[in-house]
Amino acid sequence: MAELRFPAPDRVDEAALGLRVTLDPLGLSASARTYLALRAFRAELDLERELVLAGDRFSLSARTRTPDGEPVGRELGLTALRHVSEGGRTVLRRVSERRLLTDPESGEGVASLALEDGGWYTLRLEGLDRFGNPVTAERQLFVSGDGDETRLRVLSDADVARVGE
């Protein structure tokens, strides 16, 4: 059994690490790949669209994966934060909060929300990994309401349409 130590840099990022060992006198070599992870899982948040109408229910999906890409089930908090102007600054005001669970087999979870007031929002997923490290994912969303300066918006479930659809 051999032990190999080396100094770590001041700033460590998550990365895939490769290790190759060669014993020339015997003509032997071996290699291995491992992951340097700062968190036990990562979270992703996806929206059907980044513009919705005030009061309309919309869906969002979340994915949780281990550093090597395997699905993992986790309980996360989902918070809707409205961008509000106060004293010349933009602050985030919490308007909605709920739990979102991802499936252990697929690592996926779905939630639906309806936001009543128009404006910009940040949707934030938050959780803790088994080491107590925070894990977050965020997406921006615009909710078109009564105060929206654009009076006509065309919203579609598809990006591409064929003639006659």
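How many salt bridges does the structure hold? The count is 10, and several of them appear in the views below. Please keep in mind while you look that this is a predicted model.

**Figure 1. The whole chain is built from strands, with zero helices.**
Let us start with the overall picture. The chain has 10 strands, and if you walk along from the N terminus you meet one β element after another, β-β-β-β-β-β-β-β-β-β. Of its 165 residues, 26% count as buried. Here is a handy idea for the next two views: strands of a sheet pair through backbone hydrogen bonds, either parallel or antiparallel.

**Figure 2. Five strands make an open sheet with mixed pairing.**
Follow the strands across this sheet and you pass β4, β10, β9, β6 and β7, in that order. At the edges sit β4 (51–53) and β7 (89–101), each of which pairs on one side only. Neighbouring strands here are turned against each other by 30° on average, direction ignored. Look now at the edge with β4: this strand pairs with β10 (residues 134–144) in the parallel sense, over three bridges. To find one of the partners, pick valine 52, whose bridge partner in β10 is valine 143.

**Figure 3. Three strands make an open, antiparallel sheet.**
The order in this sheet is β3-β5-β8. Its edge strands are β3 and β8, and each pairs on one side only. From one strand to the next, the twist averages 25°. Between β5 and β8, which run antiparallel, there are seven bridges. A good spot to look at is serine 61, which stands opposite valine 110 in β8.

**Figure 4. Strand β8 has a buried face and another face that is not buried.**
Which side chains of β8 point to one face and are buried? They are Gly109, Ala111 and Leu113. Glu108, Val110, Ser112 and Ala114 point to the other face, and these are not buried. The pattern fits a simple rule: in a regular strand the side chains alternate between the two faces of the sheet.

**Figure 5. The largest nonpolar core brings together 23 residues.**
Five residues have the most contacts inside this core: Phe58, Leu60, Leu123, Leu125 and Leu141. Several strands help to build the core, and those that give two or more residues are β3 (42–47), β5 (57–65), β6 (75–86), β8 (108–114), β9 (119–128) and β10. Which of them gives the most? That is β10, with four residues.

**Figure 6. Glutamate 44 forms salt bridges with arginine 42 and with arginine 63.**
Side chains of opposite charge can pair when their charged atoms come close. Glutamate 44 shows this with two partners. With arginine 42, the side chains meet at 3.9 Å, N to O. With arginine 63, the closest N and O atoms are 2.7 Å apart. This second pair links distant parts of the chain, as glutamate 44 is in strand β3 and arginine 63 is in strand β5, 19 residues apart. Are these side chains hidden or open to the surroundings? Glutamate 44 has a relative accessible area of 29%, so it is partly exposed. Arginine 42 also counts as partly exposed, because its relative accessibility is 37%. Arginine 63, with a relative accessible area of 21%, is partly exposed as well.

**Figure 7. A salt bridge joins arginine 139 to glutamate 50.**
The closest N and O atoms of this pair are 2.5 Å apart. Arginine 139 lies in strand β10 and glutamate 50 in the loop between β3 and β4, so the pair links parts of the chain that are 89 residues apart. Arginine 139 counts as partly exposed at 23% relative accessibility, and glutamate 50 counts as partly exposed at 47%. Now step back to see both partners in a wider setting: Arg42, Glu44, Asp46, Glu50, Arg63 and Arg139 are linked in a network of salt bridges.

**Figure 8. Three leucines make a nonpolar patch on the surface.**
The patch covers about 310 Å² and is made by Leu23, Leu26 and Leu28. Leucine 23 lies in strand β1 (residues 15–23). Why does leucine 23 count as partly exposed? The reason is its relative accessibility of 44%, which falls between the limits of under 20% for buried and over 50% for exposed.

Notes: Residues are numbered from 1 along each chain as its sequence is written. This is a predicted model: local features need pLDDT of at least 70, side-chain atom pairs count only at pLDDT 80 or more; totals for chains, interfaces and linings use all residues. Side-chain values use heavy atoms; hydrogens and water are left out. Two strands pair if DSSP finds at least two bridges between them. Axes are lines fitted to C-alpha atoms, for helices over the stretch in contact, and angles run from 0 to 180 degrees between N-to-C directions. Patches are made of residues with over 30% relative accessible area and no salt bridge: like charges are joined within 9 Å, nonpolar side chains (Val, Leu, Ile, Met, Phe, Trp, Tyr) within 5 Å. Accessible areas come from the Shrake-Rupley method with a 1.4 Å probe; for residues, only the protein chains shown count as cover. A salt bridge is a side-chain nitrogen of Lys or Arg within 4 Å of a carboxyl oxygen of Asp or Glu. Buried means under 20% relative accessible area, exposed over 50%, partly exposed in between (1.4 Å probe, protein chains only). A nonpolar core is a set of buried Ala, Val, Leu, Ile, Met, Phe, Trp, Tyr and Cys residues joined through side-chain atoms within 4.5 Å.
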